Amino acid sequence: GARAMGGRSMLVRHCPTVTRAAMRRVAVAGVPILLIGMLAAPCVVVVATRAPDEVAIVNLIRHGEKISGLKVRMTADGEHRAQYLANCMAGPGRSRAMPLGAPVKVVASRVEEGRSCRPRDTVAPLAERLGLELDLECGKLDAACFARKVQELPANGTMVAAWQHSEIPALVQAMQVEALPADFLVWPVACSGWEPAYIFDNPGSSCYDLLWQVALTRPPGARRWRASSIRALSEGFAGSPHGLCMQDLAPEAPR
């Protein structure tokens, strides 16, 4: 009969006593079992199984393109990137960047008076497309606030967060990503992907197409997420607001 024990289940079939020589331990689909050879049909005891861990995703992106003359807003290319992200992240399909489907939470750093509104404007079209309220509660430097937002995610949920690139590594550290690689301690000065020529005349980083994806896991029934891994992906923006979803936002074939 089947028995449940705090997220674990056991399937036990009672068998007559047999000799040790008739027993051997094997594994089926990763689950250890005890196979008891008998003259008639074999007797199988599943020692223990556990429901798989719950998962969630956090996608961290830099705001859209800027130029020195625009103090708080994005260029037209940045606005086009925002529309591209809305098109490619809000659909029902899956991609490497959106393995769980469309986001359930969209976050950006709070807009302070006279300061940049680029993070907000980068993901506002995405939130609008999904009918979600854009969360602007956390200040640019308030990584602890952001980490609390991450803990609000439901199982199988995805968060997309747009921020100033200089502070994205602090968000990662606030999530306490396990065995954090050195590549994620600083946002890169440059990365692959299309960029308009004027970007390279700006001081600082010219990397806009990068997406840092943090995988969250927790045991069934647990309340706190654990940031188990991080990887770098590409948005695939090529300049058009209505361009094909490319790179890691390219749709994957249904499984």
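This tour goes through the structure above, selection by selection.

**Before selecting anything**

The model is predicted: local features need pLDDT of at least 70, side-chain atom pairs count only at pLDDT 80 or more, and totals for chains, interfaces and linings use all residues. Residues are numbered from 1 along each chain as its sequence is written, and side-chain values use heavy atoms, with hydrogens and water left out.

**Colour by confidence**

Colour the chain by pLDDT, the predictor's confidence in each residue, from 0 to 100. The protein chain has a mean pLDDT of 87, and 81% of its residues reach 70 or more. Select residues 2-6, where the pLDDT is below 50; beyond near neighbours in sequence, this stretch has eight contacts in the model (a contact means heavy atoms within 4.5 Å). Then select residues 26-40, where pLDDT also stays under 50 and the model has 40 contacts beyond four places in sequence.

**Strand β6**

Next, select β6, residues 54-62. Helices (H or I, at least four residues) and strands (E, at least two) are DSSP runs, numbered from the N terminus. Seven of the nine residues of β6 are buried; buried means under 20% relative accessible area, exposed over 50%, and partly exposed in between, with a 1.4 Å probe and protein chains only.

Which strands pair with β6? Two strands pair if DSSP finds at least two bridges between them. Add β9 to the view: β6 and β9 pair in the antiparallel sense over eight bridges, and the partner of Ile61 there is Leu211. Now add β8, with which β6 pairs in the parallel sense over six bridges; Leu60 stands opposite Ala161 in β8. In a regular strand the side chains alternate between the two faces of the sheet.

**Salt bridges**

The structure holds 14 salt bridges, a salt bridge being a side-chain nitrogen of Lys or Arg within 4 Å of a carboxyl oxygen of Asp or Glu. Select Arg81 and Glu65, whose closest N and O atoms are 2.8 Å apart. Arg81 lies in helix α1 (residues 76-89) and Glu65 in the loop between β6 and α1, so this pair ties together parts that are 16 residues apart in sequence. Arg81 is buried, at a relative accessible area of 0%, and Glu65 is buried, also at 0%. Extend the selection to Glu195, Asp209 and Glu235: with Glu65 and Arg81, these residues are linked in a network of salt bridges.

Move on to Glu152 and Lys105, which meet in a salt bridge of 3.5 Å, N to O. Glu152 is in the loop between α3 and β8, and Lys105 is in strand β7, 47 residues apart. Glu152 is partly exposed, at 48%, whereas Lys105 is buried, at 18%.

A further salt bridge joins Glu178 and Arg226, with 2.9 Å between the closest N and O atoms. Glu178 lies in the loop between α4 and β9 and Arg226 in strand β10, so the pair ties together parts that are 48 residues apart in sequence. Glu178 is partly exposed, at 36%, and Arg226 is partly exposed, at 38%.

**Last stop: Ser234**

Finally, select Ser234, found in strand β10. Is Ser234 buried or exposed? Its relative accessibility is 17%, so Ser234 counts as buried. Leaving aside neighbours within four places in sequence, Ser234 is in contact with residues including Ser192, Asp209 and Met246. Show Arg96 as well: Ser234 and Arg96 are 138 residues apart in sequence and 9.6 Å apart in space, C-alpha to C-alpha.
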